[in-house]
Amino acid sequence: MKAARALLRWSQNDLADASGVSIPTIKRLESATGPLGGRVDTAEAIRAALETAGVEFIAENGGGAGVRLKYRS
């Protein structure tokens, strides 16, 4: 989540605005290690906001999961 925000140059406030998830929840989720916890609908809202903004989530392929910006032609 932090890496995706960094690609977009978004603050936690920007992500909260785009996803409809509260800032305290964003802060709590980002402070935890490992897979994104919390409620499924919260994770879906965050992921949808990041993908709409141009982030592509990369599945683990032996080197670890990650994010990148979508190619735009």
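This passage describes the largest pocket and the salt bridges of a predicted model.

The largest pocket has a volume of about 360 Å³. Its lining comprises 14 residues. Those nearest the pocket centre are M1, G34, P35, L36 and F57. Two elements, α3 (23–31) and α4 (40–52), each give two or more residues to this lining. Helix α4 provides the largest share, with five residues. By class, nine of the lining residues are nonpolar. Four are charged, and one is polar.

Charge pairing was examined next. Side chains of opposite charge can pair when their charged atoms come close. The structure holds four salt bridges. Three of them are described here, among them one between D41 and R39.

The side chains of D41 and R39 meet with an N to O distance of 2.6 Å. D41 has a relative accessible area of 41% and is therefore partly exposed. R39 reaches 56% relative accessibility, so this residue counts as exposed. The cut-off for exposed is over 50%. The bridge thus joins a partly exposed residue to an exposed one.

A further salt bridge lies within helix α4, the element that gives the largest share of the pocket lining. Here the side chains of R47 and E51 meet at 3.0 Å, N to O. The two residues are four positions apart, about one turn of the helix. R47 has a relative accessible area of 40%, which makes this residue partly exposed. E51 is also partly exposed, at 29% relative accessibility.

Another pair involves the strands. The side chains of E56 and R68 form a salt bridge, with 3.1 Å from N to O. This pair links distant parts of the chain. E56 belongs to strand β1, which spans residues 55–58. R68 belongs to strand β2, which spans residues 66–69. Twelve residues separate the partners. E56 shows 29% relative accessibility and so counts as partly exposed. R68, with a relative accessible area of 42%, is likewise partly exposed.

The settings of these bridges can be set side by side. The R47 and E51 pair stays inside one helix, α4. The E56 and R68 pair instead connects strand β1 with strand β2. In the D41 and R39 pair, R39 counts as exposed, whereas D41 is partly exposed.

How values were computed
Residues are numbered from 1 along each chain as its sequence is written. This is a predicted model: local features need pLDDT of at least 70, side-chain atom pairs count only at pLDDT 80 or more; totals for chains, interfaces and linings use all residues. Side-chain values use heavy atoms; hydrogens and water are left out. On a 1 Å grid over the protein atoms alone, a cavity is a set of points where a 1.4 Å probe fits but cannot get out, and a pocket is an open set with protein on both sides within 12 Å along at least five of seven lines; lining residues have an atom within 4 Å of a point. Grid points are joined across faces, edges and corners, and a volume is the space filled by probe spheres set on the points. Ala, Val, Leu, Ile, Met, Phe, Trp, Tyr, Cys and Pro count as nonpolar, Asp, Glu, Lys and Arg as charged, and the others, Gly among them, as polar. Buried means under 20% relative accessible area, exposed over 50%, partly exposed in between (1.4 Å probe, protein chains only).
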